[in-house]
Amino acid sequence: KMISRKLESYYSKKKSSAVRYHALSPLISSCRGLLSALAWYGNPGETEAMAAFRAGMARIQKEDLQIEAREICSLKTVDASLQQIKQASFSIKKIILDSCTACAVRDGKVTVEEAELLRAIADTLDCPVPPFLE
């Protein structure tokens, strides 16, 4: 995703998309999918994944949503969620990226998979973060 985005910006003279979302409420479903996938990628067990998901969702809204099933969480889920989220204002993207970070660091450690997924999410939202180092 990151490579495609960089190449597209180089070879295409496409203008950046206009901001479509200035509030979180229309993005909750996409945030749920994104945080569910991130939680499952970084946590082997259901209890840990649910705790990570809730930590992320707590940054977005107070309503108690359930994590999506592991079977339907994939990189396609992440991509579909990001397609909608990237149309949000910068302040909304910042909140969502903060929620993703809270999800990833909930257990006190960040796996390589979580770190790389978090970097890809941040890059897609035009909020790049540097590589994580030990």
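**Entry 1: helix 5**

I started with helix 5, where the buried residues are Ile 92, Lys 93, Ile 96, Leu 97, Ser 99, Cys 100, Ala 102, Cys 103 and Ala 104. For my own record, buried is under 20% relative accessible area, exposed is over 50%, and partly exposed is in between, with a 1.4 Å probe and protein chains only. Helices here are DSSP runs of H or I with at least four residues, strands are E runs of at least two, and both are numbered from the N terminus. I then looked up what covers the buried residues of helix 5, and the list includes helix 2, helix 3, helix 4 and helix 6. I checked the length too: at 1.5 Å a residue, the 16 residues of helix 5 should span 22 Å, and the end C-alpha atoms are 22 Å apart, which agrees. The expected span is 1.5 Å times one less than the number of residues.

**Entry 2: what I am looking at**

This is a predicted model, in which local features need pLDDT of at least 70 and side-chain atom pairs count only at pLDDT 80 or more, while totals for chains, interfaces and linings use all residues. Residues are numbered from 1 along each chain as its sequence is written, and side-chain values use heavy atoms, with hydrogens and water left out.

I noted an average pLDDT of 86 for the protein chain, with 83% of the residues at 70 or above; pLDDT is the predictor's confidence in each residue, from 0 to 100. Helix 1 (residues 2–11) has the lowest mean among the elements, 61, and helix 3 has the highest, 95.

I counted 6 helices and 0 strands, in the pattern α-α-α-α-α-α along the sequence. Of the 134 residues, 43% are buried. I also looked at contacts (heavy atoms within 4.5 Å): among those between residues at least 6 apart in sequence, 74% join residues at least 24 apart.

**Entry 3: the nonpolar core**

Which residues have the most contacts inside the largest nonpolar core? I found Leu 34, Phe 53, Ile 96, Cys 100 and Ile 121, in a core of 36 residues. The elements giving two or more residues to this core are helix 2 (28–42), helix 3 (46–58), helix 4 (75–85), helix 5 (90–105) and helix 6 (112–124). Helix 2 gives the most, with 8 residues. A nonpolar core here is a set of buried Ala, Val, Leu, Ile, Met, Phe, Trp, Tyr and Cys residues joined through side-chain atoms within 4.5 Å.

I followed Leu 34 next, which lies in helix 2 and counts as buried at 1% relative accessibility. Not counting residues up to four places away in sequence, Leu 34 touches Val 78, Ser 81, Leu 82, Ile 85, Ile 96, Cys 100 and Ile 121. Leu 34 and Ile 96 are 62 residues apart in sequence, with their C-alpha atoms 9.5 Å apart.

For Phe 53, I left aside neighbours within four places and found contacts with Arg 32, Leu 35, Ser 36, Ala 39, Leu 65, Gln 66, Ile 67 and Cys 103.

**Entry 4: helix 2 and Ser 36**

I went back to helix 2, which is largely enclosed by the rest of the structure because 12 of its 15 residues are buried. Helix 3, helix 4, helix 5 and helix 6 are among what covers those buried residues. The 15 residues should span 21 Å at 1.5 Å a residue, and the end C-alpha atoms are 21 Å apart, so the two agree.

Ser 36 is in helix 2, and I wondered whether this serine is buried or exposed. Ser 36 is buried, with a relative accessible area of 0%. Where does the side chain of Ser 36 reach? It reaches the backbone oxygen of Arg 32 at 2.7 Å. A polar atom of the same side chain lies 2.9 Å from the backbone nitrogen of Glu 68. Beyond four places in sequence, I listed Phe 53, Ile 67, Glu 68 and Cys 73 as contacts of Ser 36. The C-alpha atoms of Ser 36 and Ala 69 are separated by 7.9 Å, though these residues are 33 apart along the chain.

**Entry 5: Asp 126**

My last lookup was Asp 126, in the segment after helix 6. Its phi is near 60 degrees, a positive value in a residue other than glycine. Asp 126 is partly exposed, with a relative accessible area of 45%.

Conventions
A polar contact is a pair of N or O atoms within 3.5 Å; within protein, one must be able to donate a hydrogen and the other to accept it, and residues adjacent in sequence count only if both atoms are side-chain atoms.
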